[in-house]
Every structure is written in structure tokens, then in C-alpha cells.
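I opened the notebook to look up the charged side chains of one chain. The entries are in the order in which I made them.

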Amino acid sequence: MSEPASVPPPEAAKASFRARAALLKRLADIVSLPASRVNAFERAMTGDLLVEMLCLASPEERKRVAIRLTPLAELPNSLLRLLLRDDAEIAGPLIEGCLALNDADLCACAADTGTEHRLIMAGRRGISEVVTESLIAFDEPAVIHALLRNTTAKLSQPGIDAVVSLSRKVPELCEHLLRRPELRPSGAYVMFWWSGPDDRKTILQRFAVSREVLQEVSEDVFGMAAAENWQDPVSRKALQFIERRQRNRAAIEKSPYDNLEHAVSEAAKAGLTSGLAAEMAYLAGIKPLTGAKILGDVGGEPLAVLCKATGMTRFDLENLWRSLRRPLADAAGEPHPDWARVQMIFEMLAVDRAQTVLRYWNWSLSSAMSPALIKAIRAGDEEALDQYSAPERAAMLALAEDFGR
């Protein structure tokens with residue numbers, strides 16, 4: 001019977017570990033050599049050997065190799081794949097700063113790892129639209145927070161739209177999203193409905209743009225459309241957005257009220273009914289659905305937008321506020337914070353800019369509505385957003401809660 005193999009003394013074990021550490025370092029050094037010293041095949045062969053050793057190495061050893069390889073602009077792919085999928089503490093240095101990583105490597109890493117890896121990736125300098133889209137697709141608020149704070153990251157328009165959609169469920173994203181240069185008015189206007197008071201003020205200050213240029217270049221087109229009796233729905237819809245006049249003259253002629261101010265005054269006296277609300281919307285040149293959304297808003301800022309866009313005064317704004325039975329003062333007799341904020345928004349906005357916001361809301365919340373879109377809103381079909389136009393997407397997001405989603 002043969003004797004069992006003898007256990008090596010502790011000194012020999014330490015020596016073997018020192019040999020492993022030395023060999024790992026030498027192999028990493030070879031991989032790090034410039035192309036003038038080692039060709040691609042030699043580098044790949046060394047990388048394969050290094051992968052075999054790292055599979056059995058300790059976390060500390062793998063981390064040392066990862067740090068050693070981070071500054072390199074060229075690495076064997078097998079080695080990269082192994083280290084990128086290691087623990088976040090080990091993969092972190094490579095994800096953060098390795099120049100050898102391309103978009104495909106980063107996207108594959110995002111797909112094959114977890115939140116910790118994606119969180120590190122979100123802070124990487126200069127990540128492209130392809131990578132940011134892949135990160136946003138996971139709907140992880142912490143990762144998207146980090147991504148929005150990364151001023152060197154590039155966000156695509158579909159990526160921005162996805163974050164706008166997610167911000168309805170995670171309103172904390174709004175503040176960071178508003179700082180991104182990629183955000184466009186269409187996204188900001190729809191995000192307005194679930195933003196807080198400070199973010200709403202920012203949206204109206206930054207995105208309530210003038211339509212002066214549009215009005216100048218299309219001034220003669222109004223005459224052309226009138227000569228055609230406004231039969232073309234495409235040009236008619238666009239010109240309705242551009243024109244200077246906000247109120248609906250045809251509705252005023254048919255209305256039992258002298259004007260919009262008269263209707264608002266009656267609402268303040270007798271209370272706002274659904275019929276009177278619809279009449280006010282028609283007089284203001286918007287659809288009842290848009291009017292209902294504005295009148296039902298908890299914050300109240302849309303009321304200021306409506307009044308300024310239609311040329312009403314602060315007195316009319318107060319009447320509208322009273323018609324909704326909202327308080328003008330608090331228990332101490334001071335102006336109610338909500339009322340004070342709405343007045344400030346009213347004073348801050350210019351008429352033309354308020355009209356831009358109001359018309360976009362009307363365009364997106366009502367003009368873009370269709371039976372198919374209403375069905376999609378009720379079904380919560382947000383995954384199909386890409387097949388809809390910008391106003392249709394805005395309507396889907398802004399009206400989701402009104403349809404019980």
C-alpha cells in the first residue's frame with residue numbers, strides 16, 4: 001500500500017503563491033507590451049494563459065491584474081470578458097477607465113452583469129449614445145441618476161424620451177433631466193404634469209419659447225390657406241399652432257357668454273360645472289380634454305399659463321382660482337403658498353411664450369388623440385411608444401393617470 005503524499009511545508013506553499021503572483025505579473029506585463037515588442041498572436045496566446053490562471057486566482061490577484069491592465073488601449077477580448085464580469089470591485093477600474101473597451105464590450109457587460117456594474121458604467125467618461133441607451137433600458141433609477149449627472153455622457157433622443165417616461169414613476173429624475181442639454185421642449189412640456197413646483201418653474205423659464213420666427217416665415221401662408229378655405233388639414237393644424245390669436249372667434253359668436261372673462265366670472269360666482277368648463281375651453285381656443293387637464297391640475301400653475309396665453313388679467317386668474325374653490329389665504333391670513341406661486345408664474349410668463357406651452361398641450365393632449373391611442377393609454381402600452389408621434393407619446397404619458405393607469 002502506497003503512502004499518502006506528503007503535505008508541503010508552509011514555507012513551500014508560500015513560495016508557490018509567490019511564484020503565482022510573479023507569473024501573473026509577468027504575463028500581464030507581456031500583454032501590456034507595445035505592438036513593436038509583441039505581435040497580436042503572442043498577445044492573444046498570453047491572454048488565454050492569463051485567463052486560465054485568473055479563473056483559479058484569488059480576488060486580490062484578479063484585482064491587481066485588472067488595475068495593471070486598465071491603462072491599456074489594446075487587450076485580448078477573452079481577458080476583457082472575464083474581468084468585466086468579475087465582482088464590481090474587480091471590474092470597476094476597467095469599466096471606469098480602460099481605453100480598450102468599445103461600445104460592444106460595454107453593452108455586453110451591462111447585459112451580463114448587475115446594477116453595481118451598470119452604476120459604475122454610468123459614470124464612465126464619454127460613453128456614447130449606444131451605451132447610454134442600453135443602460136437606460138434597465139429602468140434602474142440609481143443608474144439613470146448617475147447617467148444624468150455624467151456631463152460627458154451622450155444621450156440619444158430615444159434615450160431621453162425613455163427617461164422622461166420613467167420620470168412619471170420616479171419624479172426625482174426630473175431635476176437632473178432638466179439639466180441635460182439633450183432635453184427638448186416636447187419632453188419638458190409633457191414632464192411638466194408630474195414635476196414639482198421648482199421644476200415646473202424651470203420648464204416654463206427655459207422651454208417656453210417664442211414662435212416669432214415661425215410667425216415671420218409663415219406670415220403669407222395664412223393668406224394662402226384662407227384662399228383655399230382651410231381645406232388642407234395638414235397646413236391648418238400647423239398654422240393653428242403658429243398663429244398669434246389664441247381665442248376661438250367662432251366659439252365666441254356661438255357662446256351664451258360675452259367672452260372668456262364673462263364665463264370665468266360666472267364660474268367664480270356659481271361654481272364650475274362640467275358644461276361651463278367645456279365652454280371656457282372652447283372660448284380659450286383649446287379642446288375640453290385639455291381644459292379638463294388644466295383645471296384638474298393639483299399644483300395650479302397651468303391656470304396661470306391659460307390666463308396669460310389668452311390675454312386675461314390677474315383679476316381673471318383670481319376668479320378662475322375661486323371657481324375651483326381653491327384657497328386664496330392660509331389659516332394665518334397670509335396668501336396661500338399655492339396661490340402665491342401661481343401668481344408668480346403668471347407675472348413671469350410672456351403672452352407669446354405662454355401660448356406656445358398651451359398650444360403644445362392642446363396639440364398633444366387632444367389633437368393627437370385617436371381611438372387606437374386611447375386604447376393604448378388604457379392598456380398601459382408604453383413599450384410601443386416608438387410607433388407614435390411626439391404629441392401622441394406626450395398624450396400617452398400625460399393622460400395615463402386620467403385613464404386609470
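The entries below go from the whole chain to salt bridges and then to a charged patch.

**Entry 1, whole chain.** I noted at the start that this is a predicted model. I looked up the secondary structure and found 26 helices and 0 strands. The chain has 405 residues, and buried residues make up 46% of them. I then checked the contacts between residues at least 6 apart in sequence: 65% of these join residues at least 24 apart. For the surface, I have about 20,600 Å² exposed by the chain, with carbon and sulfur atoms supplying 55% of that area.

**Entry 2, salt bridges.** How many salt bridges does the count come to? I have 17 salt bridges on record for this model. I looked at a few of them individually.

**Entry 3, glutamate 175 and arginine 179.** These two side chains meet in a salt bridge, with N to O at 3.0 Å. I checked the accessibility of each partner. Glutamate 175 has 38% relative accessibility, so I list it as partly exposed. Arginine 179 has 56%, and therefore I list it as exposed, because the cut-off for exposed is over 50%.

**Entry 4, arginine 180 and glutamate 182.** Are the partners of this bridge buried or exposed? I found that arginine 180 and glutamate 182 are both buried. Their closest N and O atoms are 3.0 Å apart in the salt bridge.

**Entry 5, arginine 200 and glutamate 301.** I looked up this salt bridge next, and its closest N and O atoms are 2.6 Å apart. The pair links distant parts of the chain, the two residues being 101 residues apart. Arginine 200 lies in helix H13 (residues 197–207), and glutamate 301 lies in helix H21 (residues 301–309). Both arginine 200 and glutamate 301 are buried. I then asked which residues are joined with this pair through shared partners. The network consists of Arg200, Asp297, Glu301, Arg326, Asp338 and Arg341, joined by salt bridges that share partners.

**Entry 6, negative patch.** I turned to the surface and found a negative patch formed by Glu212, Glu216, Glu219 and Asp220. Which elements give two or more residues to the negative patch? I noted helix H14 (212–217) and helix H15 (219–227). From this group I looked up glutamate 212, which lies in helix H14. Its relative accessible area is 45%, so I list glutamate 212 as partly exposed. That value also passes the patch cut-off of over 30% relative accessible area.

Methods. Residues numbered from 1 in each chain as written. Predicted model: local features only at pLDDT ≥ 70, side-chain atom pairs only at ≥ 80, totals over all residues. Heavy atoms only, no water. Salt bridge = Lys/Arg side-chain N within 4 Å of Asp/Glu carboxyl O. Buried < 20%, exposed > 50% of the residue type's maximum accessible area, 1.4 Å probe, protein only. Helix = DSSP H or I, 4+ residues; strand = E, 2+ residues; numbered from the N terminus. Patch = residues over 30% accessible without salt bridge, like charges linked within 9 Å, V, L, I, M, F, W, Y side chains within 5 Å. Areas by Shrake-Rupley, 256 points an atom, 1.4 Å probe, with all protein chains shown as cover. Lys, Arg positive; Asp, Glu negative; His and termini not counted. Charge placed at Lys NZ, Arg CZ, Asp CG, Glu CD. Contact = heavy atoms within 4.5 Å.
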